Amino acid sequence: MKILVAIKPVPNPDEKVKIKGDGSGIVLDNIKMVVNPFCEIAVEEALRIREKLTGEVVVVTVGPKEGEQQVRTALAMGADRAVLVEAGTDLDSLAVAKVLAKVVADEKADLVLMGKQAVDDDNNQVGQILAAVLGWPQATFASKIEFAADNRKANVTREVDGGLETIEVALPAVVTTDLRLNEPRYASLPGIMKAKKKELKVVPLASLGVDTAPRVKVLSYAAPKQRAGGGRVADVAELVSKLKSEAKVL
Amino acid sequence: MADILVVVEHQEGVFKKNTLSVVSAAKALAGLTGGEVDALVLGDSVAAVAGVAAGTGVRKVLLGEGAAFGKYLASTYAGAVAQVVKAGAYGAVFAPASTFGKDFMPRLSGLLDAPLASDIVGLEKVGDALRVKRPMYAGNAIGTVELVGGPLLFTVRQTAFDAAAMGGAKAPVEKVAVTAEAWGMAFVSRQETKSERPELTEARMIVSAGRGIKAQENFKLVEELADLLNAAIGASRAAVDAGWAPNDWQVGQTGKIVAPELYIALGISGAIQHLAGMKDSKVIVAINKDEEAPIFQVADYGLVADLFKAVPEMIAELKKLKSA
């Protein structure tokens, strides 16, 4: 099975981001870039499928050249090779999906795995748009993937409001991963050494002939309303009394 | 501007209340740009859902029925909505930012080559230009977004818009013919998390527990407190990952976004990704042993205490209050 895994470098989600003084962007100078956590889960799942069914795992990213570092991380986890579509800046979801659709067609992938959302833009869109552009089935928020005996279909359990839902998708398909799908492995030292020698093809965005003019533009960023917070009570009696008389919620 | 379409969410023939906030958001856009708001109900034997939707203050309800829509699938829904949008020349489509809306709306964006703003919390007009507000970076930044081209697609953060008032004149219900193409997808089964408690995203009060609860059986304590308050139960990612609570109790960036009147966080440190899901609650109470826990920075009432002592005390106090 040939699996394409789309990944995105994002600022470390454990660090609180700061907004530039003029609101034009996010301060990224001292923040470590990492593989988006949901994408790591997608890479892990692809590796597990390859371990069971054989095949190839190709990692793809669309964005600035610096993303190479996070692509190497995925290669160090065990992916076979990588494609970096070099775009000067971040593209919006429609553009990324159209670019990925080109790569998927070139690679003739059987399955595309990707995270359900990137923790920077929090969009939760690209996988679904990609499925529509390709005319493929989609299974979003996956917490379990089971292939049929002939590997031409898969049952995917999805995390939905109110519980779980299982759907069947015919391959080729796009599956987006939820946190519960697996526990990603760490890259081993030999893995990191090997990753340096693995093929990483850099494709200039212009060569793909995709219209990537932005359709969703972030004009500015602002800090959310700050809560006052920080109030303390001495004991439970004071807490309950204040909830009743001061906050009036009881 | 052209008219606006709201896609109604329902489950097992029951209208979901989150659609009411979506109607409000759609009306906010209509107030800025003109146009009328219609609702679309897709399903099999869902006349009752259409009946409820007719009471939400929309101009009319479009009802697309057929066996193929009996079980929700992203492919059939996105395809049918695209047909309705084209036939009615709608300029904008709204759906809830629930797992339902998040699943099919981007697919619709791909089908129509239309821009989609996810999880919006505000709409405004600057001169002639429409601007949308949406949280990014786990809610640590509010982006002001412009959409180019159309139709404009939005999923709406339920907690950011008041629910549209029910009642008043009933809008007419019109049947629409839509075809369903499954694109290689089929429904297999659904496993509901059964609960007698209010639904997390609709509850007036929520009691949430995190790593500090230490074991699944200790959730009994959480349940007892929740029952006294008629509250829903939530959980941090740590508690869910440990297997102590079901996944759909998770509050946070990657779980549910809630904004109840009272949010009680028990043994939750307050990681960035958890705060993203609850920091718009009206009143936040934190009970935690660690006085340095970040949750105290957003809590209106913080109590540094062992939750296994404090919660039983709180239960006793609340019982006193009830009998008084």
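Here a trainee and a mentor talk through the cavities, sheets and helices of a predicted model.

Trainee: Let's start with chain A, then. How many helices and strands does chain A have?
Mentor: Along its principal axes, the C-alpha trace of chain A spans about 65 × 45 × 40 Å. Buried residues make up 56% of its 250 residues. As for the elements you asked about, chain A has six helices and 14 strands.

Trainee: On to empty space. What is the volume of the largest cavity?
Mentor: Rolling a probe the size of a water molecule over the atoms shows where empty space is left. Counting cavities of 30 Å³ or more gives three. The largest cavity has a volume of about 660 Å³.

Trainee: And which element gives the most to the lining of the largest cavity?
Mentor: The lining has 42 residues, and the closest to the centre are Ala97(B), Lys102(B), Gly255(B), Lys256(B) and Ile257(B). Both chains take part: strand 10 of chain A supplies at least two lining residues, as do helix 4, strand 7, strand 9 and strand 11 of chain B. By class, the lining has ten nonpolar, 17 polar and 15 charged residues. With three residues, the element that gives the most is strand 9 of chain B.

Trainee: What about the second largest cavity: how many nonpolar residues are in its lining?
Mentor: That cavity has a volume of about 100 Å³. Of its 14 lining residues, the closest to the centre are Pro13(A), Glu15(A), Val17(A), Val119(A) and Tyr137(B). The lining has three polar residues, three charged ones and, for the class you want, eight nonpolar.

Trainee: Now the open sheet of four strands. Which strands stand at its edges?
Mentor: Strands of a sheet pair through backbone hydrogen bonds, either parallel or antiparallel. Here the order is 14(A)-10(B)-9(B)-8(B), with antiparallel pairing. Each edge strand has a single partner, so one side of it is left without a neighbour in the sheet, and the two in question are strand 14 of chain A and strand 8 of chain B.

Trainee: Staying there, which residue stands opposite Lys125(B)?
Mentor: Strand 8 and strand 9 of chain B pair in the antiparallel sense over five bridges. Look along strand 9 of chain B for the residue opposite Lys125(B), and you land on Leu130(B).

Trainee: Chain B also has an open sheet of five strands. Why do strand 15 and strand 18 of chain B each have one side without a neighbour in the sheet?
Mentor: The order is 15-14-16-17-18, with parallel pairing. Strand 15 and strand 18 of chain B stand at the edges, so the reason is that each has a single partner strand.

Trainee: By how many degrees are neighbouring strands of this sheet turned against each other on average?
Mentor: Take one pair as a guide: strand 16 and strand 17 of chain B pair in the parallel sense over five bridges. In that pair, Ala265(B) stands opposite Ala286(B). Direction ignored, the average turn between neighbouring strands of the sheet is 15 degrees.

Trainee: Last one, on helix 5 of chain B. Which residue follows that helix with a positive phi?
Mentor: The helix holds several buried residues, including Phe219(B), Val222(B), Leu225(B) and Leu229(B). What covers the buried residues includes strand 14, strand 15, helix 6, strand 16 and helix 9 of chain B. Just after the helix, with phi near 55 degrees, comes Asn230(B).

Conventions. Residues are numbered from 1 along each chain as its sequence is written. Chains are lettered from A and ligands numbered from 1 in the order in which they are written. This is a predicted model: local features need pLDDT of at least 70, side-chain atom pairs count only at pLDDT 80 or more; totals for chains, interfaces and linings use all residues. Side-chain values use heavy atoms; hydrogens and water are left out. On a 1 Å grid over the protein atoms alone, a cavity is a set of points where a 1.4 Å probe fits but cannot get out, and a pocket is an open set with protein on both sides within 12 Å along at least five of seven lines; lining residues have an atom within 4 Å of a point. Grid points are joined across faces, edges and corners, and a volume is the space filled by probe spheres set on the points. Ala, Val, Leu, Ile, Met, Phe, Trp, Tyr, Cys and Pro count as nonpolar, Asp, Glu, Lys and Arg as charged, and the others, Gly among them, as polar. Two strands pair if DSSP finds at least two bridges between them. Buried means under 20% relative accessible area, exposed over 50%, partly exposed in between (1.4 Å probe, protein chains only). Contact means heavy atoms within 4.5 Å. Axes are lines fitted to C-alpha atoms, for helices over the stretch in contact, and angles run from 0 to 180 degrees between N-to-C directions.
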